[in-house]
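Visitor: Hey, got a minute to walk me through this one? I'd like to start with the rings and then wander a bit.

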Amino acid sequence: MGIVGLALRKPYTFIVGAILVLLLGVSAIFRTPTDIFPNIDIPVITVVWYYDGLSAPETEKRISTYTEFSHSFFVNNLRTIESQTTPGLVLQKLYFQPGVDIGVALGQTVAATQSIRAQLPPGVQPPIIMQYSASSVAVLQLSLSSDKLTESELYDYGVYRLRQQMAPVPGTLLPPPHGGKIRQIMVDIDPTKLQAMKISPLDVSNAINAQNLTLPGGTVKFGPSQYNIQMNGIPYFSKQLNNIPLRKDPNTGAIIRIRDVAQVRDGWEVQHNVVRREGQRSVLLRIMKAGNASTLAVVNAMRDTVLPISRAAAPPGMKIDELFDQSLFVKAAIKGVASEAVIAGLLTAAMILAFLASWRSTLIVAVSIPLAILSSIAILSATGETLNLMTLGGLALAVGILVDDATVTIENIHRLHHDGADLRKAVLDGAAGIALPTLVSTLAISCVFVSVEFLTGPSRFLFTPMALAVVYAMLASYVISRTLVPIFAALLLRSEEQAKKRREEAGKPPTIFERFGAKFDSRFERFRNGYAKTLSGLLHSSWKVPALAACRVGYFVADNAEAEPAYAT
């Protein structure tokens, strides 16, 4: 009776605590990141090496072997290293032990790649190093299409304009677009003219590299004035590259230029992927979220702020359409949990109104269920969890269990008070008398979810938040049923009892709830008596139950035999 008696002696303290839980839970709903899945912390780092011109075996010998040795020597807490080698490309995945500090691992990986570059083939560029996160997924996909713009112009607009407009949104990752053509200045060499002038393709490449440079010019002073000097080292237009001199013709003394052996044009790289939307060439831009960002926050910021401005500022004829929106799944999950809570509340209200004929008791249970859910959300937010399909699914699973604690407490209080006990004593004994059984049942159900602690890998990150959501809600429901429910029962049922006495003294008829409860009790009592007689007759008979069971089995077998198709022999 300790906590129940304390709650009845200090009711306002617990009411203020319930209000505090309400405020914390509501604020946690708006503050906690909302995502499709929990944050899956898989410690993996990806290293990508590029070096064109080597075959796959040579790339493996010259790059893969040396870099794997460097990683194993300089990087701590490595579990495994996976390397995929193709001609000119090495993709390495470094898997670390669970619980490793990924920031330290990333720094060690960068140091290891820089220390080994001296032993790699000359001209190897620094690798691309990325931290892999299973929670960084595409939350929005946009397509850029136009009847007037080329694929190259669509790609350039997506890379240099649209991505820059979306970059300020917190929690966004913007990978390069798919589809389109990447702009590139192409030099189309005429092999016949090269051979006639005894010039090699390497001479053309060296001439362009040597005379297409950005160099500082410095300053010059004329009297009291100082002027900046600009070097004529880089052309402003691609066609000006045709005028670059290669060498002097030894026979005629004429200057041989690029245009004499090749043609420079504004072109594009070899296209590796094509995106089509309704049969039309387009560009696909994926918007990804960072691991701890909120899916709803990122998508809402894009839809409400960025996309209207981007569509208004787009070139004439360009269409920016949404192809995929992951926030729809999150909103559907939230709607599902809310509907489950409403359905559970309505069914509970109907049950309490039917059996107890008390709208005040219904109100008590209706208050306890949301408070338990808000308590679980507040604890999840404080421990760094997010609102996702798993945590929301756990809350939906817990809604059906949360009804039990408050309902059993209210029913026990009504039973003791109906048997003649004083209201305060009925509240105290009714809530305290079932404290131990409900505690045992709550802990027994909570023990079911302890098994998730033995999971490893992605399963642990997926199912642990769901289990925690259920356990937090159940423990909060138990505390509420021992504190807030007795307080509300003592306050509301006393007013209900006083109102009933005033109606009886004034000679007024019973309320609609009382009349409905009396009719329901009489009919339910007849049903219960009939059920008890039927059950007693079946238990005292030695052949009725086996006969009914045999008939049921025979009907099931015959029904399945008719459903099976007949085959001719």
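**Rings and other corners**

Guide: Sure. This is a predicted model, and the structure holds five aromatic pairs.

Visitor: Okay, how are the rings of phenylalanine 222 and tyrosine 227 arranged?

Guide: Their centres are 6.1 Å apart and their planes sit at 55°, so that pair is tilted.

Visitor: And is phenylalanine 222 buried or exposed?

Guide: Phenylalanine 222 counts as exposed, because its relative accessibility is 55%. Tyrosine 227 has a relative accessible area of 44%, so that residue is partly exposed.

Visitor: What about phenylalanine 524 and phenylalanine 527?

Guide: Phenylalanine 524 and phenylalanine 527 form a tilted pair too, 6.4 Å centre to centre with 40° between the planes.

Visitor: Where do phenylalanine 524 and phenylalanine 527 sit along the chain?

Guide: They're both in helix α17 (residues 512-540), and because they are three residues apart there, about one helical turn separates them. Phenylalanine 524 is partly exposed at 29% relative accessibility, while phenylalanine 527 comes out exposed at 57%.

Visitor: Which residues do ring pairs link into a cluster?

Guide: Phe69, Phe73 and Phe74.

Visitor: Switching topic: which residues make the nonpolar surface patch?

Guide: Leu22, Val26, Ile29 and Phe30 make a patch of about 380 Å². Valine 26 belongs to helix α2 and is partly exposed, at 35% relative accessibility.

Visitor: How does the confidence look, and which element has the highest mean pLDDT?

Guide: Helix α2 (residues 11-31) does, with a mean of 90. At the other end, helix α18 (residues 544-563) has the lowest mean among the elements, 72. The chain as a whole averages 82, and 96% of the residues score at least 70.

Visitor: Now the inside. Why does histidine 71 count as buried?

Guide: Because its relative accessibility is just 1%, and the cut-off for buried is under 20%. Histidine 71 lies in helix α3 (residues 56-74).

Visitor: What is histidine 71 in contact with?

Guide: Skipping neighbours within four places in sequence, histidine 71 is in contact with Val47, Leu78, Ile81, Gln92, Leu94, Thr109, Ala112 and Thr113.

Visitor: Last one: what's the story with threonine 295?

Guide: Threonine 295 is buried, with a relative accessible area of 0%. You'll find threonine 295 in helix α9 (residues 295-313). Again leaving out neighbours within four places in sequence, its contacts include Thr34, Asp35, Ile36 and Val139, and Lys289, Gln326, Ser327 and Val330 are also among them.

Definitions and conventions:
Residues numbered from 1 in each chain as written. Predicted model: local features only at pLDDT ≥ 70, side-chain atom pairs only at ≥ 80, totals over all residues. Heavy atoms only, no water. pLDDT = per-residue confidence, 0-100. Helix = DSSP H or I, 4+ residues; strand = E, 2+ residues; numbered from the N terminus. Patch = residues over 30% accessible without salt bridge, like charges linked within 9 Å, V, L, I, M, F, W, Y side chains within 5 Å. Areas by Shrake-Rupley, 256 points an atom, 1.4 Å probe, with all protein chains shown as cover. Salt bridge = Lys/Arg side-chain N within 4 Å of Asp/Glu carboxyl O. Buried < 20%, exposed > 50% of the residue type's maximum accessible area, 1.4 Å probe, protein only. Contact = heavy atoms within 4.5 Å. Phe/Tyr/Trp six-rings, centres within 6.5 Å; stacked < 30°, edge-to-face > 60°.
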